[in-house]
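You asked for a colleague's reading of this chain before the discussion. The points below go from one residue in a loop to the hairpins and then to the chain as a whole.

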Amino acid sequence: FGREHGERMRLYNHMLTAGCLIEDSGEGRVVLGPDLEPWMLFTLSRRDVETVHHGVGLVAEQLFAAGARKVLLPFGGLPEIDGPDELGKIEQRKHVKRDVELMTVHIMSTCKMAAAPEAGPCDERGMLRNVPGLAIADASAIPSSIGVNPMETIVALALRNSDLWSDALRRGLH
């Protein structure tokens with residue numbers, strides 16, 4: 001690991017993790033991977049790359065204002081900055097998506113509801129169009145990213161759709 005890694009580990013109890021949430025505008029899809037498990041693929045838009053740089057800059061600025069002496073960054077070629085006087089390096093670096101390290105925690109819209117079949121695999125009630133009787137009731141049915149934790153939206157959507165599904169069953173519609 002080297003000397004630098006050992007130094008960072010020694011300081012581990014003096015570190016914290018912070019991040020910025022962005023509402024993405026890119027597109028993704030789910031495919032079957034070579035391990036026969038679902039893989040999620042996502043393409044960052046130009047706007048997303050710019051938003052990530054801006055958000056990381058704001059978080060770094062807040063950390064320095066709170067007393068941080070160094071901020072580790074998710075950028076290839078700019079892994080850290082050592083003070084608020086180096087914040088400009090984030091905007092000055094070339095903004096390219098291939099060297100930004102990201103993660104996601106709220107995956108949405110992989111099986112989205114839409115009025116038109118070409119716009120999404122589920123109808124407006126979350127019923128999968130090509131599999132009769134199969135309903136989707138999680139974040140994958142949300143038509144687009146909402147930019148925040150989707151828990152309350154999922155609950156509201158599931159309650160709404162379950163009322164629509166049970167009403168359709170009572171009337172003999174599917």
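1. Cys-111, a buried residue in a loop. In this predicted model, Cys-111 is placed in the loop that links α3 (88-92) to α4 (151-170). Its relative accessibility is 14%, and because the cut-off for buried is under 20%, Cys-111 counts as buried despite lying outside the helices and strands. When residues up to four places away in sequence are set aside, Cys-111 touches Pro-121, Cys-122, Leu-128, Ile-136, Ser-140 and Ala-141. Ala-139 is also worth locating in the view, since its C-alpha lies 8.6 Å from that of Cys-111, with 28 residues of sequence separating the two.

2. Ser-109, in that loop as well. Ser-109 lies in the loop between α3 and α4, and its phi is near 70°, a positive value in a residue other than glycine. As background to this point, most residues other than glycine have a negative phi. A reader checking backbone geometry may therefore wish to look at Ser-109, given its positive phi near 70°.

3. The first hairpin. Strand β1 (residues 27-32) and strand β2 (residues 38-43) run antiparallel and are joined by six bridges, and together they form a hairpin with five residues between them. Two of the partnerships can be followed by eye: Gly-28 has Phe-42 of β2 as its bridge partner, and Arg-29 has Leu-41 of β2. How many of the six residues of β1 are buried? The count is zero, and the strand is accordingly described as hardly covered.

4. The turn of that hairpin. Leu-36 is found in the loop between β1 and β2, where its phi is near 65°, again a positive value in a residue other than glycine. Is Leu-36 buried or exposed? Its relative accessibility is 63%, and because exposed begins over 50%, Leu-36 counts as exposed.

5. Phe-42 and its surroundings. Phe-42 lies in strand β2, and at 43% relative accessibility it counts as partly exposed, because this value falls between the 20% and 50% cut-offs. Leaving aside neighbours within four places in sequence, Phe-42 is in contact with Asp-24, Gly-26, Glu-27, Gly-28 and Asp-48; of these, Gly-28 is its bridge partner across the hairpin. Leu-11, by comparison, is 31 residues from Phe-42 in sequence and 34 Å from it in space, C-alpha to C-alpha.

6. The second hairpin. Strand β3 (residues 71-75) pairs with strand β4 (residues 78-81) in the antiparallel sense, over three bridges. Two residues stand between the strands of this hairpin, and Gly-77 takes a positive phi near 85° there. Phe-75 has Leu-78 of β4 as its bridge partner.

7. Ala-65, in helix α2. Ala-65 lies in α2 (residues 46-65), and with a relative accessibility of 71% it counts as exposed, because that value is over 50%. Its C-alpha is 9.7 Å from the C-alpha of Gly-83, which is 18 residues away in sequence.

8. The order of elements. The chain holds four helices and four strands, and read along the sequence they follow the pattern α-β-β-α-β-β-α-α. The hairpin of β1 and β2 and the hairpin of β3 and β4 can both be placed within that pattern.

9. Overall dimensions and burial. The radius of gyration of the chain is 22 Å, whereas a compact globule of 174 residues would have one near 16 Å. Along the principal axes, the C-alpha atoms fill a box of roughly 70 × 35 × 30 Å. Of the 174 residues, 28% count as buried, and among contacts between residues at least 6 apart in sequence, 45% join residues at least 24 apart.

10. Surface and charge. The accessible surface of the chain comes to about 12,200 Å², and 57% of this belongs to carbon and sulfur atoms. The chain carries 19 positive and 24 negative charges, and the mean positions of the two sets are 2 Å apart.

Methods. Residues are numbered from 1 along each chain as its sequence is written. This is a predicted model: local features need pLDDT of at least 70, side-chain atom pairs count only at pLDDT 80 or more; totals for chains, interfaces and linings use all residues. Side-chain values use heavy atoms; hydrogens and water are left out. The radius of gyration is taken over C-alpha atoms; the globule rule is 2.2 Å times the number of residues to the power 0.38. Buried means under 20% relative accessible area, exposed over 50%, partly exposed in between (1.4 Å probe, protein chains only). Contact means heavy atoms within 4.5 Å. Accessible areas come from the Shrake-Rupley method with a 1.4 Å probe; for residues, only the protein chains shown count as cover. Lys and Arg count as positive and Asp and Glu as negative; His and the chain ends are not counted. The place of a charge is taken as NZ of Lys, CZ of Arg, CG of Asp or CD of Glu. Two strands pair if DSSP finds at least two bridges between them.
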